[in-house]
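Colleague: I am new to this structure and would like to learn how to read it. Could we go through it feature by feature?

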Amino acid sequence: IRLDMLVLKRIFQNEHYTIGKLYDGDTYLCDTLEPPKNVNHPCIDKGTYRIGYIYSNMFGRKMPFLLEVNGRTGIMIHPGNYPKDTKGCILVGKNLAKGSVSKSKDTFKNVDAIIQGIINLHGHVTITVQ
């Protein structure tokens, strides 16, 4: 198990949304919500991406962005509840209702702290999307 890597395992996808589970090694962190494949801003391709912190005008602070995503920019991990809240980004929360995540702001605070902790310990962090 690599300690500098998060893993996003997608578990369900339809024409409206994509649901996944985010792990730090073997430790389950939260559920994720992404758009489906067939929209203007689809979920990103499977692969491994570095995560870096870049200032976001939308959130007014530095946020975790996936870097070097093929043909895409602005892919962020952030709070949100419904597919309409993401334009290709990864929303974090608890999948308690079909097609959405809840408790997203609290979940994001936790995930953000974990990402920053990994960066502080290892100097970098990646996410592998499966």
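Modeller: What follows takes the fold, the overall dimensions and the core in turn. This is a predicted model, in which local features need pLDDT of at least 70 and side-chain atom pairs count only at pLDDT 80 or more, while totals for chains, interfaces and linings use all residues. Residues are numbered from 1 along each chain as its sequence is written, and side-chain values use heavy atoms, with hydrogens and water left out.

Colleague: Which secondary structure does the chain have?

Modeller: Helices (H or I, at least four residues) and strands (E, at least two) are DSSP runs, numbered from the N terminus. Here there are one helix and eight strands, and along the sequence they follow the pattern β-β-β-β-β-β-β-α-β.

Colleague: How does the radius of gyration compare with that of a compact globule?

Modeller: The radius is taken over C-alpha atoms, and the globule rule is 2.2 Å times the number of residues to the power 0.38. For 130 residues a compact globule would have a value near 14 Å, and the chain, with 13 Å, agrees.

Colleague: Which residues have the most contacts inside the largest nonpolar core?

Modeller: Such a core is a set of buried Ala, Val, Leu, Ile, Met, Phe, Trp, Tyr and Cys residues joined through side-chain atoms within 4.5 Å, where buried means under 20% relative accessible area (1.4 Å probe, protein chains only). The largest core has 25 residues, and those with the most contacts inside it are Leu6, Leu22, Ile51, Leu66, Ile77 and Ile127. The largest share of this core, four residues, comes from α1.

Note on methods:
Buried < 20%, exposed > 50% of the residue type's maximum accessible area, 1.4 Å probe, protein only.
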